[in-house]
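Trainee: Could you take me through the enclosed spaces in this one, and what sits around them? I'd like a close look at that part, with the neighbouring strands if they come into it.

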Amino acid sequence: MPADQVQVIQEAAFEGPFSPTQILVIGMVIIALFSVTLYTEYRRSGKKVVWLFWGFRFLALAALLWMLLGPTLRTTIRQETPKTIAVVTDISQSMETIDPHNPTQDDRWELAAQMGTDMDMVTLLDRLQLDLQTLEAEFSRTIQSMQQADSAEQVLERLSRLPAIINRAQTQLQQIQTAENLSNGADLTDLDRLLENQMLPHVEEMQEQYQNSEAVVDYAQISLFADLQPELEKELRVVRQLAQDIIPPTQEAFSSNTSGKRSRLDKIGAALESAEGNWLQDISKTVQIKRYVFDSNPLALAEADWKNHLNQEPETTSSLLQTEQDAPTPKATNISAMLDLLNREAGQQSLAAVIMLTDGKQTIASDRQPERVANGLGQLPIYPVPIGNVRKIRDVILHNPEVPAAVMKEDEINFDVMIDTIDCEAELLLVRLKKGDEVIDSQTVDILSERSHHRLSFVAPKQDIGRHEFTLSVDPLENEAREDNNQISLSVDVVDDELHILLADQNWRWEYRYLVNLFGRDEKVTFDQLVFDPKVTATGFPSLTNNLPQTVEEWARYRVVILGDLEPTKFSLQSQEALYEYVTRRGGNLILIAGTESMPQRYVNGPIGEILPVETSPFPVKNNQGYALRLTPAGQNMNALQLTGNSGKSNEQLWDETSRAMPIFYLSPFSLPKPTSHNLISTVSLAGSSMLTKASEAPSFLCWHLVGKGSVTYISSPSTYHLRARKGDLYHHRFWGQLLRNVVARDISSGSQFVKIRTDKENYQSGETVEVEVTLSDAQNRPVTDGELTAIVQQENQTTSQVILRADPQQPGRYRGEFAPLPPGNYEVHVEGNRAQELLDAEGFTGTLSVPIRVEAPLSGELVDTRCDLTTLEQIAELTGGVVIPPTSMSEIPHLTNLDPLVTEEVQRQATWPSWYILGLICGCLIVEWGIRKRVGLA
């Protein structure tokens, strides 16, 4: 790489206030005056003294004239900085795409990879097209400068660029015309005549006009010059069509190789390796070459080893030059960040041009789009080299399945899945839920737009105890780009478990009545009830005492406890403390339904207040206009709140319509979620209150949080029965059934009677950690605390990761561990350990002690739509003064760019006349003469 050239020139110069001629005249005049004065003194002092005076005065005069000349030693430091060309390539995930075969594009990448000294017709036409495009753009800017009456210097500067471009186009044209055969028998003599006989003479004539400062260039001359532009555009269209229709002589050879089966990075790597051995090597003698790669962030390369950098794993190609916009996806595309870096580099280096190889699709959300950043690059031309299919990609993507890892034996199994479609408008998709070859459920989706997004729900009937494999699939469409994303395999464990509930309230509120009716009809639920007013009514265990449980063991009879607006007189402190222990120590699940009298406001200073997921809020308890319900983002993604099923109605729309039809007029004064809470449903005042300035400050209708080993769910108004309004018990029943199963889902585990294993969920997104939990108990249901367990993740019977499980100090018999994020795929989580095996042998367990998990790759814009965004690349090129080019034209860029080195000069001056010696000489001569004059009586 060429270094800066520094030249140092030293020379003497006179930089005083007078020129040498003026100093000579001044000296002659002063000498004449000396002569006159000395002649008069000669008669009085004698010849000898006069000659002394003459000598002293001559020395003083000479010293004075020397100072007036200003002798200076001038040092000129001349530095020549070579221009820089940047080569930039995209290495994001979409660049790993293998595009459908496109002969026109694939052949040009092959030619770029095999480029040598002999130019084929395709390359010559591509280069000629680039020359004419550059000429047309520069010609247009020159005419605009003339019409705007810019200064003669500005117009001349633009005119001076045109002859070199014309000459380069003529060079390409001559090689094409001497070729044996030209595609379609095209005649380019009109182009030759335009360049040679019209454009070049007119440019020279306009240069003469603007160089003559006395001449005025009128609009008639400018108009005649501008008339050449339509002719140039016409010839450019001819060449463009020729380049598009040309059939490479090597097409058969290309068709026989694997060019159409190579990824974009493979094609770019081959083309750049060829460039490094040819034209980049040639210009590197006089021009600096900067190399960059980018995905989410840009990275400057220290050496020209393209293949090594293009084939690295994602984590090794992460940026060393972090920008302010760090994207969450390591291999996404951030063209804006790359352009920002080029802008900073242009301020530090002499960047002359940028060649950017990319598909042009920005997949990272940014408030600064690539076009906006490019608009600030000034005169730094960007030459995009597009790669990738520009045609629409027809695809159906099945992703993001949601299904419980385990359900109870009498439960139906709910499946949710997302479907994205691209270019499938007017198609009818058939989506099936299958168990083996049996179709359990199916739906049809009518695609009404080019890009669509659908959420579908399926239901499988109750299954026998054990593991069950299911498949969600959509039938492939004709000419679909990929079919491997049309199917997802899922597994669910059905376990034998019981849901026993305690339902207690002060009186027969509507909320309490409907829950009693609901649980009484649910065969999968057993429940005890307790109500105090107007008289005590109790069933099950509470009927023995007509009171709430008083000990932890009594509370622990229930999987879920639902408490309403209980008065403190009916809820003793002993009972509250036992309930606290039941939740925090025994892992119990509590649901509190707020009331107008007691719950929770009269318990905030006791054990109940310590486990509440809410705190006091500034919002009014009563609202005459009422409150409407809004699902939070967490609530929208929670299966328990998905009530619409396959009705076709939006789930958010259902909650909104229901709450508007029957608004909530009362909210508990405790409705502001704590930071530890998960807020699932917020409330919004129908009066349009301006108090709700932030989403985090909105009062909650439904929220929950974990407390110790258990969970507390809180409903801030006894109004869930509003879901029955004009709809019967469908949505009310579905809401409470799904909510209860969500509350206890963390306790439902796969495995055996003595050894249970579970993960925090079955489906994970890429980058999420996997939490695993194992519970050991013996035949007497006592916790086993001496286990030494290891959890192992396997894929296709190969171990990929393992972690030692540690005992949970808060709950005996429970062991926990966490796996680092796993690559996308399907896995099995197993547990191993001598104590666990002893327990399995004791109960005669012979099955597989494991749970399945699935890790999904992030569904980003990189893979959803891999088409080349040619429009963005054209805008970037136009805004920066560049041109979109094929790979065969990259070597032409140096010929169209002014690569003369930047020359800077620094002049240092060292004056030699300011000297005490000279001043002393002048003063000494004058003093000596004055002394002599005193002695001889002339003073």
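Mentor: Keep in mind that this is a predicted model. It holds four cavities of 30 Å³ or more. Rolling a probe the size of a water molecule over the atoms is what shows where empty space is left.

Start with the largest cavity, which has about 90 Å³ of space in it. Its lining includes Trp655, Thr658 and Ser659, along with Leu629, Met662, Ile664 and Phe701. Ser719, Thr720, His722 and Leu723 belong to that lining as well. Helix H22, residues 651-661, gives the most to it, with three residues. Sort the lining by class and you get six nonpolar residues, five polar ones and no charged ones.

Now the second largest cavity, at about 50 Å³. Here the lining by class is seven nonpolar, one polar and three charged residues. Asp505, Arg509 and Glu511 are among the lining residues, and so are Leu503, Ala504, Tyr512 and Leu515. Ile562, Leu563, Gly564 and Ile593 line it too. Three elements each supply at least two residues of this lining: strand S16 (499-505), helix H16 (510-521) and strand S19 (560-563).

S19 deserves a longer look. In a regular strand the side chains alternate between the two faces of the sheet. In S19, Val560 and Ile562 point one way, while Val561 and Leu563 point the other way, and all are buried. Ile562 and Leu563, then, point opposite ways from S19, yet both are in the lining of the second largest cavity.

S19 also has strand partners. S16 runs parallel to S19, and four bridges join the two; Ile501 has Val560 as its bridge partner in S19. S19 also pairs in the parallel sense with strand S20 (residues 589-593), again over four bridges. In that pairing, Val561 stands opposite Leu590 in S20.

Follow S20 a little further and you meet Ser711, since its contacts include Asn589 and Leu590. Ser711 sits in strand S27, residues 710-715. Is Ser711 buried or exposed? It counts as buried, because its relative accessible area is 4%, under the 20% cut-off. The side chains of Ser711 and Asn589 are joined by a polar contact of 2.9 Å. Beyond those two S20 residues, Ser711 touches Val583, Gly588, Trp704, His705, Leu706 and Val743, leaving aside residues up to four places away in sequence. There is a long-range pair here as well: Ser711 and Gly587 are 124 residues apart in sequence, but 7.3 Å apart in space from C-alpha to C-alpha.

For another buried polar side chain, go to Arg108 in helix H3 (residues 103-113). Arg108 counts as buried because its relative accessibility is 9%. A polar atom of the Arg108 side chain lies 2.6 Å from the backbone oxygen of Ala243. Ala243 is also one of the residues that Arg108 touches, together with Val122, Asp126, Ile246, Pro886, Pro887 and Thr888, again not counting residues up to four places away in sequence.

Conventions:
Residues numbered from 1 in each chain as written. Predicted model: local features only at pLDDT ≥ 70, side-chain atom pairs only at ≥ 80, totals over all residues. Heavy atoms only, no water. Buried < 20%, exposed > 50% of the residue type's maximum accessible area, 1.4 Å probe, protein only. Polar contact = N/O pair within 3.5 Å; in protein donor to acceptor, adjacent residues only side chain to side chain. Contact = heavy atoms within 4.5 Å. 1 Å grid on protein atoms, 1.4 Å probe; cavity = no way out; pocket = protein on both sides within 12 Å on 5 of 7 lines; lining within 4 Å. Points joined across faces, edges and corners; volume = space filled by probe spheres on them. Nonpolar A, V, L, I, M, F, W, Y, C, P; charged D, E, K, R; others polar. Pairing = 2+ DSSP bridges.
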